[in-house]
Amino acid sequence: GTMGAGGLAAIGMPGLAGAGPTPMHPTQIAILAQQQQALAQANLQTRILEQQKKARRLHVSNLPSSSEVTDKMIKEFFNTVMRSSGLATGECISDVYLNMTGKFAFIEFKTVEDAAKALVNLDGVQLLGAALKIARPSDYAQVPNPIGSPAPIAGMSPAGITMIQQMQLQQLQALQMQQFQMQQLQTLTGAGSAVAAAVPKLPTLPTLPMPTLGAPMGGLPGSA
């Protein structure tokens with residue numbers, strides 16, 4: 001048979017008599033907001049770690065054709081060059097992957113800063129008479145910074161600064177997402193004042209363009 005107004009209201013739909021869903025309790029809203037915030041932060045942290053790993057890796061090509069060139073030899077060579085150039089004080093290479101043909105390698109540094117220094121300063125360095133070509137791997141994508149350039153950071157290259165800008169942008173986007181969700185919750189429940197009292201107020205942020213940074217954050221809706 002047909003469902004009456006009371007039945008419609010019970011499943012959260014306005015009935016014929018205008019009955020609406022029961023507003024959520026402020027505590028429920030606060031818990032939901034905290035869960036969404038934790039999820040956004042976890043996704044953000046994962047993506048920052050992924051970007052950091054990519055930013056720590058460099059692609060080294062034009063390696064000399066010699067049986068002397070091994071993973072260990074490349075690691076020792078770059079550690080020595082970084083120290084002798086004053087770019088690092090200790091061991092700065094964490095891993096080396098040498099391609100089977102021996103013509104190129106991926107070098108992973110312990111920090112984003114060391115990788116940036118090597119990229120800027122060591123391109124063309126000589127190894128057994130060959131001038132090495134040093135570049136970012138093809139999967140490394142720099143994200144433009146619409147906020148404006150920060151003050152120069154001592155000892156950091158533009159590549160390293162871009163990495164920091166990218167993280168700041170992602171953090172701002174995560175906060176914007178939380179604000180948008182809170183507005184949606186307040187609209188849905190009509191309990192704006194109770195929500196404001198139960199949830200700490202987030203800082204007001206400038207509206208930023210939302211560039212695509214890999215997969216969408218946790219599948220949450222983006223602000224229009």
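Helices here are DSSP runs of H or I with at least four residues, and strands are E runs of at least two, both numbered from the N terminus. With that in hand, walk along this predicted model from its N terminus, and the elements come up as α-α-β-α-β-β-α-β-β-β-α-α. That makes six helices and six strands in the chain.

Before zooming in, take in the chain as a whole. Of its 224 residues, 38% count as buried. The accessible surface comes to about 12800 Å², and carbon and sulfur atoms account for 58% of that. The contacts have a long reach in sequence: take those between residues at least 6 apart, and 69% of them join residues at least 24 apart.

Now for the charged side chains. Side chains of opposite charge can pair when their charged atoms come close. Searching the whole structure for such pairs turns up three salt bridges.

Let's start at Glu108, which sits in strand E3 (residues 104-109). One of its partners is Lys53, with the side chains meeting in a salt bridge at 3.1 Å, N to O. Lys53 belongs to helix H2 (residues 26-56), so this pair ties together distant parts of the chain, 55 residues apart. Arg56 is also a partner of Glu108, again through a salt bridge at 3.1 Å, N to O. Arg56 lies in helix H2 as well, and this link between helix and strand E3 spans 52 residues. Put the pieces together and you get a network of salt bridges linking Lys53, Arg56 and Glu108.

How covered are the residues in that network, say Glu108: buried or exposed? Glu108 has a relative accessibility of 13%, and because the cut-off for buried is under 20%, Glu108 counts as buried. Lys53 has a relative accessibility of 37%, so this residue counts as partly exposed. In the Lys53–Glu108 bridge, then, a partly exposed lysine meets a buried glutamate.

The remaining stop is the pair Glu91 and Arg83. Their closest N and O atoms are 3.2 Å apart, and they form a salt bridge. What about their exposure? Glu91 is partly exposed, with a relative accessible area of 48%. Arg83 is partly exposed too, at 35%. Both values fall in the window between buried, under 20%, and exposed, over 50%, which is why the two residues get that label.

Conventions
Residues are numbered from 1 along each chain as its sequence is written. This is a predicted model: local features need pLDDT of at least 70, side-chain atom pairs count only at pLDDT 80 or more; totals for chains, interfaces and linings use all residues. Side-chain values use heavy atoms; hydrogens and water are left out. A salt bridge is a side-chain nitrogen of Lys or Arg within 4 Å of a carboxyl oxygen of Asp or Glu. Buried means under 20% relative accessible area, exposed over 50%, partly exposed in between (1.4 Å probe, protein chains only). Contact means heavy atoms within 4.5 Å. Accessible areas come from the Shrake-Rupley method with a 1.4 Å probe; for residues, only the protein chains shown count as cover.
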